[in-house]
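Open the model in your viewer and set the display to cartoon. The stops below go from sheets to single residues.

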Amino acid sequence: MKITIKVISVLLTAALLFGVITSVPFTVSAAETQETTAAAAEEESAVKDDEAVGATSGTTGDCAWSFDESTGTLSISGNGKMGDYSSYSSAPWYSFRSSVKGIIFENGVTSIGNNAFNNCSTLTEVTIPNSVTSIGNYAFNNCSKLTEVTIPNSVTSIGENAFSRCSKLTEVTIPNSVTSIGNYAFSLCTGLTKITIPNSVISIGEGAFSDCTGLTEITIPNSVTSIGDFVFQNCTKLTD
């Protein structure tokens, strides 16, 4: 009996030792796998970040964008709204904003996002299709080389500071579809000399044409029921 008990005890001890020995490599293997997976994820993230910095195409809201470096043309295409951005530096084309000379919106784009092209200092030309219904806040703010823009008769609202500081903008056509002009929408457009507001407009926001020092003539229709403060502040050549 004693011999049998000793044999069983030896066998149990051997089994326990075998279990410990075989479990150790498994534990190490699992840890190594986790470390390898984490490292791979970090590497993939770094690659994506590097690609994003130099990207010349991508998505913006419901739309797609692409930049042709050889011509300086930024194209927006698709069906739906562009993305809105909290500041110009968060727009995906921020890194080459100073190289954008022209912007083409293809038919199907329904909105121009907030801060989308804010501070595109070399922009001279914009083509807006009649599928666009709204121009966002600060959309073209401080595009200091933009000389002319035609707003299609599909647009109903022009956002705050949408074209402010476009100092070389000499001509703006506001269509008979726009119902509201946002605060400071055309402020500091010192090159503007004349502007006609259509009889579809109901409200003109605060400071909408303030500091337009070259403005000599403006027509306001009877349809306008709300005019904000400082709308024509410092329009020193506006006499009537």
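Start with the open sheet of seven strands, whose order is E4-E6-E8-E10-E12-E14-E16 and whose pairing is parallel. At its edges stand strand E4 (80-81) and E16; each has a single partner strand, so one side of each is left without a neighbour in the sheet. Bear in mind throughout that this is a predicted model.

Zoom in on the E4 edge. E4 pairs with E6 in the parallel sense over two bridges. Select Lys81 and look across to E6, where Ser111 stands opposite.

**Whole chain**

Zoom out for the overall counts. The protein chain has one helix and 16 strands as its secondary structure. It has 240 residues, and 37% of them count as buried. Colour by surface if you like: the accessible surface comes to about 13000 Å², with 53% of that belonging to carbon and sulfur atoms. Of the contacts between residues at least 6 apart in sequence, 32% join residues at least 24 apart.

**The five-stranded sheet**

Next, select E1, E2, E3, E5 and E7. These strands form an open sheet in the order E1-E2-E3-E5-E7, and the pairing is mixed. Strand E1 (57-60) and strand E7 (125-127) are the edge strands, each pairing on one side only. Ignoring direction, neighbouring strands of this sheet are turned by 15° against each other on average.

Both edges are worth a stop. At one edge, E1 and E2 run antiparallel and are joined by four bridges. Select Gly58: its bridge partner in E2 is Trp65. The hairpin of E1 and E2 has two residues between the strands, and in this hairpin Gly61 takes a positive phi near 60°.

At the other edge, strand E5 (residues 102-105) pairs with E7 in the parallel sense, over three bridges. Gly102 has Glu125 in E7 as its bridge partner.

**The nonpolar core**

Hide the cartoon and show side chains. In soluble globular proteins, nonpolar side chains tend to be buried together. Here the largest nonpolar core has 55 residues. Which residues have the most contacts inside it? Select Trp93, Phe105, Phe117, Phe140, Phe163, Phe186 and Phe209. The elements that give two or more residues to this core are strand E2 (63-68), strand E3 (73-78), E5 and strand E6 (109-112). E2 gives the most, with three residues.

Centre the view on Phe117 and show what surrounds it. Not counting residues up to four places away in sequence, Phe117 touches Leu74, Ile76, Met82, Trp93, Ile103, Phe105, Ile112, Ala139, Phe140, Asn141 and Cys143. Of these, Trp93, Phe105 and Phe140 are also named among the residues with the most contacts inside the core.

**Two loop residues with positive phi**

Select Asn115, found in the loop between E6 and E7. Its phi is near 60°, a positive value in a residue other than glycine. Is Asn115 buried or exposed? With a relative accessible area of 9%, under the 20% cut-off, Asn115 is buried.

Now move to Tyr138, in the loop between strand E8 (134-135) and strand E9 (148-150). Tyr138 is not a glycine either, yet it has a positive phi of about 60°. Its relative accessible area is 33%, so Tyr138 counts as partly exposed.

**Ser210 and Cys235**

For the last stop, select Ser210 in the loop between strand E14 (203-204) and strand E15 (217-219). Ser210 counts as buried because its relative accessibility is 2%. What does the side chain of Ser210 reach at 2.9 Å? Draw a distance to the backbone oxygen of Gly207. Leaving aside neighbours within four places in sequence, Ser210 is in contact with Tyr184, Ser187, Leu188, Phe230, Val231, Gln233 and Cys235.

Follow the last of these contacts to Cys235, which lies in the segment after strand E16 (226-227). Cys235 has 7% relative accessibility, so this residue too counts as buried. Cys235 and Ser210 are 25 residues apart along the chain, while their C-alpha atoms are separated by 6.3 Å. With neighbours within four places in sequence left aside, the contacts of Cys235 are Phe209, Ser210, Asp211, Cys212 and Leu215. Phe209 leads back to the core, as one of the residues with the most contacts inside it.

How values were computed:
Residues numbered from 1 in each chain as written. Predicted model: local features only at pLDDT ≥ 70, side-chain atom pairs only at ≥ 80, totals over all residues. Heavy atoms only, no water. Pairing = 2+ DSSP bridges. Axes fitted to C-alpha atoms, helices over the stretch in contact; angles between N-to-C directions. Core = buried A, V, L, I, M, F, W, Y, C linked by side-chain atoms within 4.5 Å. Buried < 20%, exposed > 50% of the residue type's maximum accessible area, 1.4 Å probe, protein only. Contact = heavy atoms within 4.5 Å. Polar contact = N/O pair within 3.5 Å; in protein donor to acceptor, adjacent residues only side chain to side chain. Areas by Shrake-Rupley, 256 points an atom, 1.4 Å probe, with all protein chains shown as cover.
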